[in-house]
Amino acid sequence: MAWSEKAGLVWSVQALSVTEALVFGLGQDPHDEQRVPFRGACPFVREGVWMGNAPVEQSTEGAFAVSLDHNATYDVIIAGAGPVGLFLACELGLAGCRVLVLERSEAAASPLKNLPFGLRGLNLPTMESLDRRDLLSPLKARMALADTVIAAPWAAGARRPAGHFAGLQFFHDMVDTNAWPWRWGGAVEALAVTMADLEHVLFTRASHLGVVIRHGCGVDGVTQMANGIEVHAGGMAHRAGWIVGCDGGRSTVRKAAGISFVGTEPEFTGYSMTLRLEEPNRLRPGRQHTALGMYTYAPPGTVTMVDFDGGVSHRTSPLSNEHLQAVLRRVSGTDVTIDGVELATTWTDRAFLATSYRQGSVLLAGDAAHVHAPLGGQGLNLGIGDAMNLGWKLAAVTTGRASPSLLDSYARERRPIAEQVLDWSRAQVALLRPDPGAAASRAVVRELMATRDGSTFFAERLWGAGLRYDELGAAHPLVGRSAPDALLADGRTLNEALRGGRALLLGFNHSEQFAEIADASTQLDYYVSSSGDKANADAALIRPDGIVAWAGSIIDRLALTQSMARLFDPLDTPA
């Protein structure tokens, strides 16, 4: 099946209908899986080799040995080679920064990154970020080869699911996309991908940009110095100007920086499993609310369940046949028997947020900054949003094009988004509780979702269509929002023009005055679009991440130059 034929079937993991693993996803923090991390030295360096679904490590002792200069100084060290760390590495590499990525796990391969449990949904901001760096097309191409789209259980059916909230679905035919007048270009749907495919595409790009990625080399300590940081990993020391912790909810970097992690403790332990069942028909297929929790079953043996035990079984109980069978029997209310366990992992609804995203030369992104229940796959999108927001800012500071004060806007813009996601996660947990109050609340939400306004409201939030950085003000409906993917006069789209990672001034119809402003700046490109009637503006200042920093007319030149001053060094801003 051609990609164009598959596109109409695509939606995100939020829209799952059969497999609870796809409703809930897995724990967003790989370090929260019940596995023993590798803590040895750093014997492996990845230099652009990938085979199948996993990267192939090149040993320094083998035929492809790479001579390592452990005295090298980097601009930025990133702890964690998951999607967030790799995307951030791509952003920094695009700007010419020297980047080292340190990952504790010895290998990138994991069955949990493949189907079915590795399936994730990319929302609109994430898809736009990928497209603005020419990463979306290779991702779609790889998915097409693997038939990832066809594996999505929501691909079939008379009505196409558009997402879910606490497992309660809403549908595309009830979503009014005209309710978002600021979105008049680009995608209006999200995309289902596997973590393995996404990491492969990001790893390939990062390697092409010269990023050094080392596995089996987790960060053990961070020391801040007057001129940067020293990172201890695998018995070695590495120096850089900055370190970004993308190393999960149990972040070593965050702890080393003394940044507090506060929030709410878990109510349940979640399980995602591939089992061999003695009598598979004892479990009812689909999503089932029970007196003690909830489970979803996809025959013959894919099971995801939540046990409201206060999270006590996560990382404490061995995932043996006996334990999993006891929990499954209790939650399902059946006498189902497990013959064997092929794959199992646990996760919780713990919702914690870092009190600060920066401490000196230490920054946090992704699960190192925030963790929550993986309900609807929001964690991956939240982390990619962090990386896209931080990447161009840290690159500008590192390369001397902006002062470190620019980084202060990172937390001011991204932390409120994380707070919203955590609250929505907690609300979903409240609806999942096995009690009469939660059942009554689910009925109310289901009725709301059955209305056009209700479905549109949930879609706006869950798709990311309503994302706005209030920090940038509200002088124009486009300000603070993702710029529409407008068609440019040269035949390209706006997203294509952003692939160099530079800010741009977009004129809606040509203006010599706007062209002169852009020409006077070394950090700004000028493009023309004929979409002024939709924008209700003469021009828009668009950041490297595609966010509109200013929109208005030439008489608003002072506001434009003030917005430019916030993006660039004031010395480079025309008066």
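# Finding the empty spaces: worked exercises

Two cavities of 30 Å³ or more turn up when the whole structure is searched. Keep in mind that this is a predicted model.

**Exercise 1. Work out which residues line the second largest cavity, and what kind they are.**

Solution. Start with the space itself: the second largest cavity has a volume of about 40 Å³. Now look at what lines this cavity: Trp-184, Leu-478, Ala-483, Pro-484, Ala-486, Leu-494, Leu-506, Phe-508, Ala-540, Ile-542 and Val-548. Next, check which elements give two or more residues to this lining: they are strand 25 (503-508) and strand 27 (539-542). Last, sort the residues by type, and you get 11 nonpolar, no polar and no charged.

**Exercise 2. Describe the second largest pocket, from its volume to its lining.**

Solution. First the space: about 760 Å³ lies in this pocket. Then the lining: it takes in 43 residues, and the closest to the pocket's centre are Ile-417, Gln-420, Gly-464, Leu-467 and Arg-468. Sorted by type, the lining of the second largest pocket holds 16 nonpolar, 14 polar and 13 charged residues.

Now for the helices. At least two lining residues each come from helix 4 (124-131), helix 10 (378-398), helix 11 (408-432) and helix 13 (452-462). Which helix gives the most to the lining of this pocket? That's helix 11, with 10 residues.

**Exercise 3. Decide whether Cys-90 and Cys-246 are buried or exposed, and count the disulfides.**

Solution. Use the cut-off: a residue is buried when its relative accessible area is under 20%. Cys-90 has a value of 5%, so Cys-90 is buried. Cys-246 comes in at 12% relative accessibility, so Cys-246 counts as buried too. For the second part, recall that a disulfide is a covalent bond between the sulfur atoms of two cysteines. Searching the whole structure for disulfides gives zero.

**Exercise 4. Sum up the whole protein: its elements, its burial, its contacts and its surface.**

Solution. Take the elements to begin with: the protein has 17 helices and 28 strands. Then burial: 59% of the 575 residues count as buried.

For contacts, consider those between residues at least 6 apart in sequence; 73% of them join residues at least 24 apart. Finally, the surface: the protein exposes about 21,500 Å², and 52% of that is supplied by carbon and sulfur atoms.

Definitions and conventions. Residues are numbered from 1 along each chain as its sequence is written. This is a predicted model: local features need pLDDT of at least 70, side-chain atom pairs count only at pLDDT 80 or more; totals for chains, interfaces and linings use all residues. Side-chain values use heavy atoms; hydrogens and water are left out. Helices (H or I, at least four residues) and strands (E, at least two) are DSSP runs, numbered from the N terminus. Buried means under 20% relative accessible area, exposed over 50%, partly exposed in between (1.4 Å probe, protein chains only). Contact means heavy atoms within 4.5 Å. Accessible areas come from the Shrake-Rupley method with a 1.4 Å probe; for residues, only the protein chains shown count as cover. On a 1 Å grid over the protein atoms alone, a cavity is a set of points where a 1.4 Å probe fits but cannot get out, and a pocket is an open set with protein on both sides within 12 Å along at least five of seven lines; lining residues have an atom within 4 Å of a point. Grid points are joined across faces, edges and corners, and a volume is the space filled by probe spheres set on the points. Ala, Val, Leu, Ile, Met, Phe, Trp, Tyr, Cys and Pro count as nonpolar, Asp, Glu, Lys and Arg as charged, and the others, Gly among them, as polar. A disulfide is a pair of cysteine sulfur atoms within 2.5 Å.
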